[in-house]
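Take a look at the chain shown here. This report walks through a few of its features, one place at a time.

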Amino acid sequence: MTDDELKQMLESLISTWENEVIEFKNYSRDPKSSEIGSYFSALANEANLFGKKSAWFVLGVDDKSRAVTGTNCYSSKERILTLKNTIFQNTSPHTTFRNIYEIDHTDGRVILFEVPSSPVGQPIAYNGFLYGRAGESLVALGTEKTDRIRYQQAIDWSAQIIPNATVDHLDEEALRRAREAFARKPANRFSVDVVMGWSFIDFLQHSRLATEEGITRAALLLLGKPESTYLLSPHPAEITWKLEAENRAYEHFSPPFFVATTRLYQKIRNYKIRVQPENSLFQEEVIKYDEKIVLEALHNCIAHQDYTQNGRIIVTERPNKLEFENHGSFFFGNPYDYLANHRTPAKYRNLFLAQAMYELNMIDRMGYGIQDMLIRQKERYLPLPDFDLSEYDKVRVVIHGAIIDEAYSKLLLQKVDLPIQDIIALDRVQKRLNIDDEMARHLRKCKMIEGRKPNYHISAKIASVTSKKAEYIHYRGQDDDHYMHLISVYLKKFKFASRRDIDKLLLPKLSDYLNEEQKINKVSNLLTRMRRNGIITNSGPKCQPRWVFAERKKTKM
């Protein structure tokens, strides 16, 4: 743009004034890059939603008076280049300003930052957080706006035809096994004899892995030969297993994914662990990692991966858990809605691939898979799966292979008919995560939890096996009367006590569910209660209290 065009642009922006896609700032010095980054994310996302090619971030204009005040920010090209690079490194997907213009206005220097609209189907996050605008205010993007952007994807990556690909690019053994799986599927509309009589190309079309135009990317992912994966370039078409333990190891698994997932499961170190029911001499043995749970998690990664990001699926085996990671945000709803059976998927990122995996009996397409993982973990008395959505463009699922809290496992052993919602809440309690007040009241009424918000724990009745009694008391702590009695005993022996003396007496004895600040507040509350009840009094200054027994007034006979 020419200088005159830039000045006209500035006047136009000022006359429009601040809205979802225009922001004015009057900084006296370079702002923090995180502040610029949050506005970049918000403006890019709002430009997408408003159908704009760009949004604008303007420095050197007062955001209240609309007057040009000028700015000394980013006074050198090096500082501007550093800002652009910082924005690029911390946005997901990576992007930065389209253009940066400087205007020598009569009232001072103005900088126009042109923020490109976020891509179709991909909201822009900064440092893993999605920002949006509510009028002139910077806010979280929100579920409704996030979903509106995500569901813009018009092209299904998995459905695209691969030019020149033929059946010869597919693995013959995987083709045979896939056709057998299709024939055995209970809901199949064809008899086994009919299916087994098809040619491979007929089978591919019936199982939705090919069309009349040719072989799809979905077919190559599930059934392709390892040496044929170059046809998917630049996508790596890999699932990586890595062992993070004393002895590290790793292996990359290429297509055909239809058989590779079972081979990966066989790499995982698996053995039986034992759970002993309350008041029983018999032990319950369960395998560390159930094959159906592992394959369900792995097949979900394949079905829901955002293949446009050209990333691999990663399975990390740690001593007591498995972590599954795939690129792309959780596409529809929240995973915990599926755990509780409150959601059925209405949309898929890779619809063609999901349909084919359903036909091959790899996934169910009704959202029951996540709930089935919950039920199978519950039947094995182990913690429920965890879903980490903290990074916008990744989903991590954790499958536990060890007991976190024995009381939780014993509770599942004793109460086989617990509702799913109760199990989910109890699992959060054992992991020291928050639960809502209504559920806490319900669990307390059923005598399954104790403690005060937010430090709930499994109740004494469940946890009081001999080997756990001392540990349980250590975490549960004692009631207030017990601690006040200890203070009284101390004062009887030593006549007075400073706050430091009381802290040394009580802090080591308080529940380990309390952090240091909570413990100190607990002692303060106990002293205040004893003072108000007329048991003790402070004979020293407030800044250095000297606690002694309070004098009792004698009553006349």
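Which residues lie nearest the centre of the largest pocket? They are Leu 295, His 299, Leu 360, Asn 361 and Met 362. Keep in mind that this is a predicted model.

## The largest pocket

The largest pocket holds about 740 Å³ of space. Its lining is made up of 23 residues. Sorted by class, nine of the lining residues are nonpolar, five are polar and nine are charged.

Which helix gives the most to this lining? It is α10, with five residues. Helix α10 covers residues 291-304. Helices α5 (172-184), α9 (257-267) and α13 (368-379) also take part, and each of the four supplies at least two residues.

Asn 361 deserves a second look. It is among the residues nearest the pocket centre. Asn 361 sits in the loop between α12 (351-359) and α13. Its phi is near 65 degrees, which is a positive value in a residue other than glycine. Is Asn 361 buried, partly exposed or exposed? Its relative accessibility is 49%, so Asn 361 counts as partly exposed. The cut-off for exposed is over 50%.

## A second positive phi

Arg 432 also has a positive phi, near 60 degrees, and is likewise a residue other than glycine. Where is Arg 432 found? It lies in the loop between α15 (420-430) and α16 (437-445). The relative accessibility of Arg 432 is 51%, so this residue counts as exposed.

## Glu 173 on helix α5

Helix α5 carries Glu 173. At 39% relative accessibility, Glu 173 is partly exposed. A polar contact of 3.0 Å links its side chain to that of Arg 176. Now follow the chain from Glu 173 to Val 259. The two are 86 residues apart along the chain, but their C-alpha atoms are separated by 9.3 Å.

## Glu 325 on strand β16

Glu 325 belongs to strand β16, which spans residues 321-327. Is this residue buried or exposed? Glu 325 counts as buried because its relative accessibility is 16%. Buried means under 20%.

What does the side chain of Glu 325 pair with? It makes a polar contact of 2.9 Å with the side chain of Arg 396. Leaving out residues up to four places away in sequence, Glu 325 touches Arg 312, Ile 313, Ile 314, Lys 394, Val 395 and Arg 396.

## Asp 405 in a loop

Asp 405 is placed in the loop between β18 (394-400) and α14 (406-414). A loop residue can still be buried, as Asp 405 shows at 17% relative accessibility. Not counting residues up to four places away in sequence, Asp 405 touches Gln 430 and Ile 458.

## Two cis peptide bonds

Two peptide bonds in the chain are listed here as cis. The table gives the residues that each one joins, with the omega angle.

| Residues joined | Omega |
|---|---|
| Ser 92 and Pro 93 | about -5 degrees |
| Pro 255 and Pro 256 | about 10 degrees |

Pro 93 is in the loop between β3 (91-92) and β4 (99-105). Pro 256 is in the loop between β12 (249-253) and α9. Helix α9 is among those that help line the largest pocket.

## Cysteines

A disulfide is a covalent bond that joins the sulfur atoms of two cysteines. How many disulfides are counted here? The count is zero. Two cysteines can be checked for burial. Cys 73 has a relative accessible area of 0%, so it is buried. Cys 301 has 2%, so it is buried as well.

## The whole chain

Now step back. The chain has 557 residues, and 49% of them are buried. Its secondary structure comes to 21 helices and 23 strands. How much of the contact network joins residues at least 24 apart in sequence? Among contacts between residues at least 6 apart, the share is 62%.

Methods
Residues are numbered from 1 along each chain as its sequence is written. This is a predicted model: local features need pLDDT of at least 70, side-chain atom pairs count only at pLDDT 80 or more; totals for chains, interfaces and linings use all residues. Side-chain values use heavy atoms; hydrogens and water are left out. On a 1 Å grid over the protein atoms alone, a cavity is a set of points where a 1.4 Å probe fits but cannot get out, and a pocket is an open set with protein on both sides within 12 Å along at least five of seven lines; lining residues have an atom within 4 Å of a point. Grid points are joined across faces, edges and corners, and a volume is the space filled by probe spheres set on the points. Ala, Val, Leu, Ile, Met, Phe, Trp, Tyr, Cys and Pro count as nonpolar, Asp, Glu, Lys and Arg as charged, and the others, Gly among them, as polar. Buried means under 20% relative accessible area, exposed over 50%, partly exposed in between (1.4 Å probe, protein chains only). A polar contact is a pair of N or O atoms within 3.5 Å; within protein, one must be able to donate a hydrogen and the other to accept it, and residues adjacent in sequence count only if both atoms are side-chain atoms. Contact means heavy atoms within 4.5 Å. A disulfide is a pair of cysteine sulfur atoms within 2.5 Å.
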